[in-house]
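Student: I should like to request a close look at a single part of this structure, the place where a helix of one chain packs against a helix of the other. Please also set that part in the context of both chains.

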Amino acid sequence: MEKSDEKNEFERKLNIKKAEKSKIAQENLLLLADTLYNQFQQGIVPHISLPSRTKGNIEFSTKDDVWVYGDQETTRSVKTVRGAKTLLKTVHLAELLIKEHLKNNRGSTLREIYYISENWDIAKFHEQAESDRLIEDLEIVTSLHREDFHVRPEEDGAAVFGPLRLKEQTRRGEREMHCQEDVGEAGYQIPFNVDNIEFLSHDAKMVMAIETGGMYARLIENGFDEEYNAILVHIKGQPARSTRRIIKRLNTELNIPVVVFTDGDPWSYRIFASIAYGAIKSAHLSEHLVTPGARFLGVQPSDIVDYNLSTDKLTDKDMQALRSELTDPRFNTPYWEKQIRLQIDLKKKAEQQAFAGKGLDYVTKTYLPERLSEMGII
Amino acid sequence: MEIAEELAKQQKAISVAEFFEKNRQILGFDSAPRALITCVKEAVDNSLDACEDAGILPDIFVQIKKNGEYYQVIVEDNGPGIVQEEIPRVFAKLLYGSRFHTLRQSRGQQGIGISAAVLYSQLTSGRPTKVISKIAPDRPARYCELLINTAKNEPEILKSEDMDWERPRGTRVELEMEGTYVRGRRQSVYGSLKSTAIVNPHARLTLVEPEGNVEVFERATESLPKKAYAISPHPDGIELGELIKLLRYTDKKKLRVFLKETFSSIGAISAQELCSRAGLDPEESPTGLNHDAASRLHSAFKQIKVKSPPVDCLSPIGEELIKAGLEKEFRLDYIATTVRPVSVYSGNPFLVEVGLGYGGELEKESRIELLRFANRVPLVYQQGACAVTHAVESVSWKNYSLGQPTGSGVPVGPAVLLVHIASTNIPFTSESKDAVADMPEILTEIDLGLKEVARKLRRYLSRQSVLSERREKEEIIRKILPRIAQKLSDVLEKELPDIGPVVAKIMGNLLVFRKVERNNGLVYVKIQVENHSEQLRSFKLHEVLAVQADCVSPAAKVIPMGDGYDYHWKLSIAPGQSTTLSYSITAEGVALKEPVIEGLEAEIVTGARVI
C-alpha cells in the first residue's frame, strides 16, 4: 500500500513536471511565431537569426568546460526564395509541434516528421536531414530540447551493462532494474528520453564508453565489469544524444569518472570529442549532453607503437580528417597535437579488435589495466 | 654535250593547268568528300556573283546524283547567262575571268574556281563538262561539252550547238567526278549551302541529295545586296614593288595626275603634299622615276594621312540581314550584330561584320559554333589556321559571360558566332580559300567586332538575370509570404497580418499605407509613403473624400468633384526616404477608397491604386 502511494506520488510529480514543460515549450514556440508576426506588422522583412553552426564558430565556455557556439550569426530571411521557404517550413513545423504534439500530448520520431511534411505542398522537406536541421534550429531559438517538443529519434539500441540499479518511467508504468542482474547479455537499452530515468544505487568505479559492439561484448564475456566495477556503455558509433546524456548524468550525478575506448582513427577521435567537448552540429546542447571530465583511453596512436598493434594504412580521407582536426579548436591541446602528429607520421590506424591478435584476454588482462592505472583510475 | 646543255633540253614551260593537275590540294580538291563540296561551292559562287551583277534575285538549284561509281553535280541558276563565245573559256581555261583586274568585292577573284572543278572532273571521270546557257528569253540556249587541254591551258570544245531550254535565261553546268557524299556535319555540301544561305539571305538555294531528299533554303529578304563598285587602289599600306609597277605602266604624263587618278582617296592637295614630301616635281613624268625616287614617294605615302577608302566598293550583309540569316537557320533567344567601319590593309579596303546568336536550342556544354565567311562565301576547312579563329581565341570570353575553360581558345556555351570579312581582295592563306591570313589590321577589326557583340550579349544576360531575380521575388510574394502570414495567424489565433509593407520592401516598391484613428467624432488620417526603391520617385497622390478635410498637412491641391473632393499632393521621394501626409475629417466624410498614385507604373507601387 505504502509502496503504491509512493509510486503514485512519483508519477504525479512527473506528470506535473511534464505538463509544465509542455506549457513552456508551447509558449516558446508561440513566441517565435509572434516575433515573425510582429515583424510583418512593423514592416520589417521577417527573419530569424541563428548562430552559425561551423567549426569556426565554436568557442570554449569556461563556465561549463564545454564547447558552445560563438557570436557569428546567420540570418534566415524571406528576402530569398530559399530563406522564405525555410521560414515557411519553420512555421509549419512550429504549428505541428504546438497543435499535434504539445496540445494532444503526442509525439513523433524525426523520420515521421519528415513524412508528415508530405502534405505541406511547397513547404515539404526534401530530405530528412532538412527536417532534422530545422528541429535543431527550433531547439536553439527556443532554448529547449527536442524531447520537450515530444520529438524523438529512432531507437538506436545503445546499451548499458554494469553495477547500476535504476528506475525508468515508461509509458506502461515504472520499471526498476539492475543493469547486470536484470538484463540480458546485450545489457539495458538506453531510452530516448534519459530524463525519465532515476539512478537508485551503484557500485561503480568508472564508466567506460565503448565504440564497437565487438569490444563491448568482449569485456562482458571476460567479466571486466565485475572485476573492475565498471559500467560499460556501448555507444554504437557516433553516440546518440540519449547515450551522451546518460554518460553525462552518470558522471555528474553519481560522480563516476568516464573513459572513452574507441578505435584508433580520426573518426573515433571525433566520437570522443562529441562526448567530452561537444559536437559542432549540436553545440547548443553542449551544457546538457557533454561530459567535460571524460578522458580518452585509447586506442592512442602511441599504443600502435607501444603495443606493436596490427594496423591498416590511413586512406587519403583519413589523412584529410586528421589535418582538419589539427585546426579544430576542440583538439587544440598538447596531448591531441602530439597524438595526431604521430599518427600522420605513422600513416597507420588500428581497431579496438587489434588486441585480439595477442590473445582474447590481452585487452582485459594487460592493456586496459595498464592504461587505467596510467590514467590513475585504478 | 655539256651537262648544263643536256639539262637545258629538259627545261620547258609548265602550263598552269598542268601545274594544278599535279597540285590539286591547292585548289581544294584534296579529298573525296571535299571535291564535291568545292565543286558545288565554286559553281554556286559563280551563280551568285552573276545574279548580283545582273540585279537578279538568285534562285539556285543544286543536284547531286550517284552515277555508277561517280557523282554527277548539277548547278543551275536564273542568272544573266553567258554569251556563247565566252562559255568555253569561262569553264575550260584556268585564270580566265572578269574580276582579277578590278578592285571590287566579289566571291570569285582569280578565275580559277569553276575551271578547276572542270579539270578535276575530267581527271577523275574522263568525262567532259556539259554547260547550257541562255542570255535572253527570245534567244536559243547554247549547249557545250568541254574539256581542258592541260598542256596549253585552252578549252577543247567537243560539242557546241543551239538547243531549246525552258528557262528564260540562266546557266546550267553538269560535272561528273569521283567523290564521297557526306551528311550531318558542317563540312558537307548541305552544311556549306546552309552557311551560304545564312550570309546570302536574298538567295533561294535548293539542294537535291543523292537519295532524292530535297532541302530548300528559303529567302529571308527580297532585296538584293547593295552593289559593290570597283575602286582604285588605296594608298594605305601599298607595297613598294606595286607602286613601281603602277608608275612604270601608267599612261599619265604628270606625277600629280598619276597620283590623283591612280589612287582612291587622293585629291589635288594630297598629291601636291606627297610630291613635296618626296622632293619630287609634280609635273614630271611618272614613268621616268628611278628606284630611289619611287622609294621616297613610297615613304611619303606613309607620312600623310589620307581619308578611308570609299565604302561603296564593299557590300556588307548588314546587321538586319545577318540577324535574319541567323534566325532562319537557328532557334535563338538573342542575336547581337555589328558592322565595323571600312578599314584598309595593304591598300585593300575591307570591313568586318559580326553576328552572335545565343540560347535557344544551342548546345550549352560544347564549344560555340563558329561560322566564318569571306565575301559571303562560307569557309569550312582549316578553321585553326584562320585569322577569324585566332581573333576569337584571343578574346577573354569569361568577361562576357561565355565559358573558356583554359582561359583562351574558342569559348564554350550556347552560342553561334558569325564573322564576315568583305574586301576587294581577301588575303587567303592559300588558293583553296579556306582560311584568311593573319593580317594585323584584319585581326584588330575582328577583335573589335567580337567585343562589340560580346558586350551586347553581356548586357542582355545581365538584364535577363535582373528579370529572373524579379521573377524569384514574385514567387516569394505570390506564393510564400501569404502562406507564412496565414500560418502565423492560425498558430497565434490572430487576424491575418498586413504583408504590404514587407512586400514593398522586398520588391523595392513605393509603399503607401494609411493609418486611421478615431477620436471625438473626428477621424485622423495619416498616409505614410515610403520609397524602398533605389531611384527617386516623383508622382501625385490622390485621396478622394466625400467632404472637405481639415488640418491638411502638407497643403494639398483640392479639386471639387460632383460627389466629393479630390485632394492631391505632388510628391518626390528620394531612395530609402519616406514622407507622411495627414488630415482630419468628420466621420461621415471618410472616403475611403484606396489612395491613388498617378505617374508611376503599377508594379512598383504597393498599397495604392495606380492610374
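Tutor: What follows begins with the two chains, moves to the helix pair between them, and ends with some local features of each chain.

Please keep in mind throughout that this is a predicted model. Chain A has 378 residues, of which 56% count as buried. Its secondary structure consists of 13 helices and 17 strands. Chain B has 611 residues, and buried residues make up 52% of them. In chain B there are 14 helices and 24 strands. The accessible surface is about 17500 Å² for chain A, with carbon and sulfur atoms supplying 46% of it. For chain B the accessible surface comes to about 28500 Å², and 48% of that belongs to carbon and sulfur atoms.

The contacts within each chain can be sorted by separation in sequence. In chain A, residues 24 or more positions apart account for 72% of the contacts with a separation of 6 or more. In chain B, 68% of the contacts between residues at least 6 apart in sequence join residues at least 24 apart.

We now come to the part you asked about. Two packed helices are described by the angle between their axes and the distance between the axes. Here the partners are helix α2 of chain A, residues 81–102, and helix α13 of chain B, residues 440–492. Their axes come within 9 Å and cross at roughly 15 degrees. Angles under 35 degrees count as roughly parallel, and therefore α2(A) is described as roughly parallel to α13(B). The crossing of α2(A) and α13(B) is left-handed.

Which residues of α2(A) and α13(B) meet? From α2(A) come V81(A), A84(A), K85(A), L87(A), L88(A), V91(A), H92(A), E95(A), I98(A) and K99(A). From α13(B) come E472(B), E475(B), I476(B), I480(B), R483(B), I484(B), K487(B), L488(B), D490(B) and V491(B). Sorted by class, the contact of α2(A) with α13(B) has 11 nonpolar, 1 polar and 8 charged residues.

A helix pair inside chain B may be set beside this one. Helix α6 of chain B, residues 189–199, packs with α11(B) at an angle of about 145 degrees, the axes being 7 Å apart. The contact is made by K194(B), A197(B) and I198(B) on α6(B), and by L321(B), G325(B), L326(B), K328(B) and E329(B) on α11(B). These residues of the contact of α6(B) with α11(B) divide into 4 nonpolar, 1 polar and 3 charged.

Helix α11 of chain B, residues 319–329, also holds K323(B). K323(B) is partly exposed, with a relative accessible area of 37%. Leaving aside neighbours within four places in sequence, K323(B) is in contact with I335(B) and T337(B). K323(B) and G355(B) are 32 residues apart in sequence, while their C-alpha atoms are 7.1 Å apart in space.

Several loops deserve attention next. In chain A, the loop between α4 (128–142) and β6 (151–152) contains S143(A), and D148(A) lies in the loop between α4 and β6 as well. S143(A) has a phi near 55 degrees, a positive value in a residue other than glycine. Are S143(A) and D148(A) buried or exposed? S143(A) is exposed, with a relative accessible area of 62%, whereas D148(A) is buried at 11%. Not counting residues up to four places away in sequence, D148(A) touches K21(A), A25(A) and L102(A).

N229(A) also has a positive phi, near 50 degrees, and is a residue other than glycine. N229(A) is placed in the loop between α6 (224–228) and β13 (230–234) of chain A. With a relative accessibility of 21%, N229(A) counts as partly exposed.

Finally, two cis peptide bonds may be pointed out. In chain A, a cis peptide bond joins G298(A) and V299(A), with omega about 0 degrees. V299(A) is in the loop between β15 (295–298) and α10 (301–306) of chain A. In chain B, a cis peptide bond joins S553(B) and P554(B), with omega about -15 degrees. P554(B) lies in the loop between β18 (550–553) and β19 (557–561) of chain B.

Technical notes
Residues are numbered from 1 along each chain as its sequence is written. Chains are lettered from A and ligands numbered from 1 in the order in which they are written. This is a predicted model: local features need pLDDT of at least 70, side-chain atom pairs count only at pLDDT 80 or more; totals for chains, interfaces and linings use all residues. Side-chain values use heavy atoms; hydrogens and water are left out. Axes are lines fitted to C-alpha atoms, for helices over the stretch in contact, and angles run from 0 to 180 degrees between N-to-C directions. Helices (H or I, at least four residues) and strands (E, at least two) are DSSP runs, numbered from the N terminus. Angles under 35 degrees count as roughly parallel, over 145 as roughly antiparallel, 65 to 115 as roughly perpendicular and the rest as oblique. A crossing is left-handed if the near helix is turned anticlockwise from the far one by less than a right angle, and right-handed if clockwise. Contact means heavy atoms within 4.5 Å. Ala, Val, Leu, Ile, Met, Phe, Trp, Tyr, Cys and Pro count as nonpolar, Asp, Glu, Lys and Arg as charged, and the others, Gly among them, as polar. Buried means under 20% relative accessible area, exposed over 50%, partly exposed in between (1.4 Å probe, protein chains only). Accessible areas come from the Shrake-Rupley method with a 1.4 Å probe; for residues, only the protein chains shown count as cover.
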